[in-house]
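This report describes selected parts of one structure for a reader who has not met it before. The sequence and the model are shown first.

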Amino acid sequence: MSVLDRVNSPKDLKKLSVGELEELCADIREYMVKTVSDTGGHLASNLGVVELTVALHKVFNSPTDQIIFDVGHQSYTHKILTGRKESFSTLRQEDGISGFTRPDESEHDILSSGHSSTSISAAAGLAKAKQLKGEKGKVIAVIGDGALTGGLAYEALNNAGNGCQNLIVILNDNNMSISPNVGSMAKNLTTIRTSPRYVNFRSKVRRRLSRGSKLGTQLNRFFTFINSKIRKRVYNDTFFEDLGFRYYGTIDGHDIDALIDALNAAKAHNHPVFIHINTVKGKGYNPAEKNPTQFHGIGKFDVNTGEPLSSGKSFSAAFGETLCKFAQKDNRICCVTAAMAEGTGLSDFASKYPKRFFDVGIAEGHAVTFSGGLARNGMIPVFAVYSTFLQRAYDQIIHDVSMQELKVIFGVDRAGFVGEDGESHQGVFDTSFLNSVVGMTIFAPAYFDELEAMLYESIYKIEGAVAIRYPRGGEPQKPEGYSYSHEPYTVFGDTSSKKCIVTYGREFANCYKALSELDGVCLVKLNKIKPIEDKIIKLLSGFEKIYFFEEAVLSGGIGESVEAMLLENGYNGEFSHFAVNDEFVKQAPVSRQLEKYSLDEKSIIREVSDA
């Protein structure tokens, strides 16, 4: 039996020696690589925190001690150790376990996750609630992989260092430079301060001094003062110490012994502790160590070579190529990303035009306001961002771009269903929140050539803020002979028909295929979904029945806007709206998600025929 075979819960870890824990880590890595090669997922970040997660469950007692993984994409080892070993092969599959933490899966998953930089805020709230209720246990926030570039993390640190006695923050530093590297003296001091012998000795001395006379209390305060001064001198006035944390670092994040000592030392404290560890992203799997960016989030791949199994050009790549072509002729064009250069197809732009490329870290709000500043002084900024992450910058879009009447172009990547990434990553909300922004223009290309044409129009023909939303993956099947009309909408079929299907973006392909199976039906493809022009409403008013299909939420979306405008213009026909209604979209292949919400070809035929 492997060591992993013997571990079915965190309690089983308590019985293992350090040598056995090291074997366990090797077993977990092998199991993880094999599984993710079949399911896709976040591999490199998870390989980097295997020893840390094992040490956490060795020292602490989950769920009494609550562990919060920032983003949740580095929780695979945690899932394997907390009763989900047998179901791990269902990772990110329909009805399987999530790629992020989910309380409905396990009592060991404290909060649902998926977005970055939230762990310290949540952990501070959890820790304070424990204090107020007199409950036992520590709260541990594991943050890293760039998440400490997010402003929310610093807001939380500023607050958490003041009075969260049972809080421990662990920075998993995998070459994302956060604080100055410390020398050998600092490392030696950390080794001494985290050794069990020192921790026990310090605790005994403090207890005895506290029980004694007034002099004992004064001596205790004096030693604490001297200790603080020494730490600040050796650690070069560590930022985290100034915020009220006890700082330990840096520690080798792949040394089980050192991690266990550090965690036990932190556990003994009665005030907030910050532990700084160094890890290697992709540790233990050579392709992931060599290219951690590619293996941060990857689809299915060949275990032996590390090569992805999927291929084909994506909308992200098409967007990046088009931007490079325009930027070659116009030096006002610049690109902004929030730590997602490769994901949004901007790697080539970053290489060719480094002075006009800005990676601001995981800080979407700042990215939008920064783009507004660029626009105000004559540049043409393009902020490429996943739909689900743009949600974090709603205020900045309104206040710092739209209200200022500034020209910022938003490349809204991963719009619509994204499949197995689950509830936190579905790009179904952007149509609703962008639809409410004054002066915003929104394009919805279905194909690469439309994306290029709409980006050109956004740069050179439209004033104010513009969003171009496009899906994950490649372009759908295109009708033979079809070309972009450069008009706000395109009509297919007979406008004298009684029934009309209306849609936009990728969903057009399904509607067009359904059209060939339907008699007496017209199809209107919206190219620009905000603003909806009066001539579109006039055209639609002539149909007795309208069926609106959109790959987005129903509430506040484009379909609702069209229906409202029709009613305002006296329309008395039937309007049927097919979209996501007041629920979060669960993980499943995109084809299954389309089917669930009646957006696939067969469902469209059924709905229109039945009606």
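## Strands 3, 4 and 5

Strand 4 (residues 246-252) pairs with strand 5 in the parallel sense, and six bridges link the two. The model is a predicted one. Two facing positions can be picked out along this pairing. Arginine 246 stands opposite valine 273 in strand 5, and tyrosine 248 stands opposite isoleucine 275 in strand 5.

Strand 5 also pairs with strand 3 (residues 167-173): the two run parallel and are joined by six bridges. Here aspartate 173 stands opposite asparagine 278 in strand 5. How many of the six residues of strand 5 (residues 273-278) are buried? Five of them are, so strand 5 is largely enclosed by the rest of the structure. In strand 4, five of the seven residues are buried, so strand 4 too is largely enclosed by the rest of the structure.

## Helix 14

Helix 14 covers residues 315-329, which is 15 residues. From its first C-alpha to its last it reaches 22 Å, close to the 21 Å expected at 1.5 Å a residue.

Its buried residues are Phe315, Ser316, Ala318, Phe319, Gly320, Thr322, Leu323, Cys324, Phe326 and Ala327. What do the buried residues of helix 14 pack against? Their partners are three strands and two helices: strand 6 (333-337), strand 8 (380-386), strand 9 (409-413), helix 15 (347-352) and helix 20 (448-460).

## Threonine 441

Threonine 441 is found in strand 10 (residues 441-443). Is threonine 441 buried or exposed? Its relative accessible area is 8%, and the cut-off for buried is under 20%, so threonine 441 counts as buried.

Leaving aside neighbours within four places in sequence, threonine 441 is in contact with Ile462, Ala465, Val466 and Ala467, and also with Lys528, Lys530 and Pro531.

## The five-stranded sheet

Five strands form an open sheet, and their order is 12-14-13-16-17 with mixed pairing. Its edges are strand 12 (489-492) and strand 17 (574-580), each of which pairs on one side only. From one strand to the next, the twist averages 20°.

At one of these edges, strand 16 (residues 545-553) and strand 17 run parallel and are joined by six bridges. Phenylalanine 548 stands opposite histidine 577 in strand 17.

## Helix 21 and its neighbours

Helix 21 (residues 507-515) lies across four strands: strand 12, strand 13 (499-504), strand 14 (521-526) and strand 16. Helix 21 runs at about 165° to strand 14.

Helix 21 also meets helix 25 (residues 601-610); their axes come within 8 Å and cross at roughly 55°. That angle makes helix 21 oblique to helix 25. The crossing of the two helices is right-handed. Which residues of helix 21 meet helix 25? They are Glu507, Asn510, Cys511, Lys513 and Ala514, and they meet Glu601, Ile604 and Ile605 in helix 25.

Methods. Residues numbered from 1 in each chain as written. Predicted model: local features only at pLDDT ≥ 70, side-chain atom pairs only at ≥ 80, totals over all residues. Heavy atoms only, no water. Expected span 1.5 Å × (residues − 1). Buried < 20%, exposed > 50% of the residue type's maximum accessible area, 1.4 Å probe, protein only. Contact = heavy atoms within 4.5 Å. Pairing = 2+ DSSP bridges. Axes fitted to C-alpha atoms, helices over the stretch in contact; angles between N-to-C directions. Parallel < 35°, antiparallel > 145°, perpendicular 65-115°, else oblique. Left-handed = near helix turned anticlockwise from the far one by under 90°.
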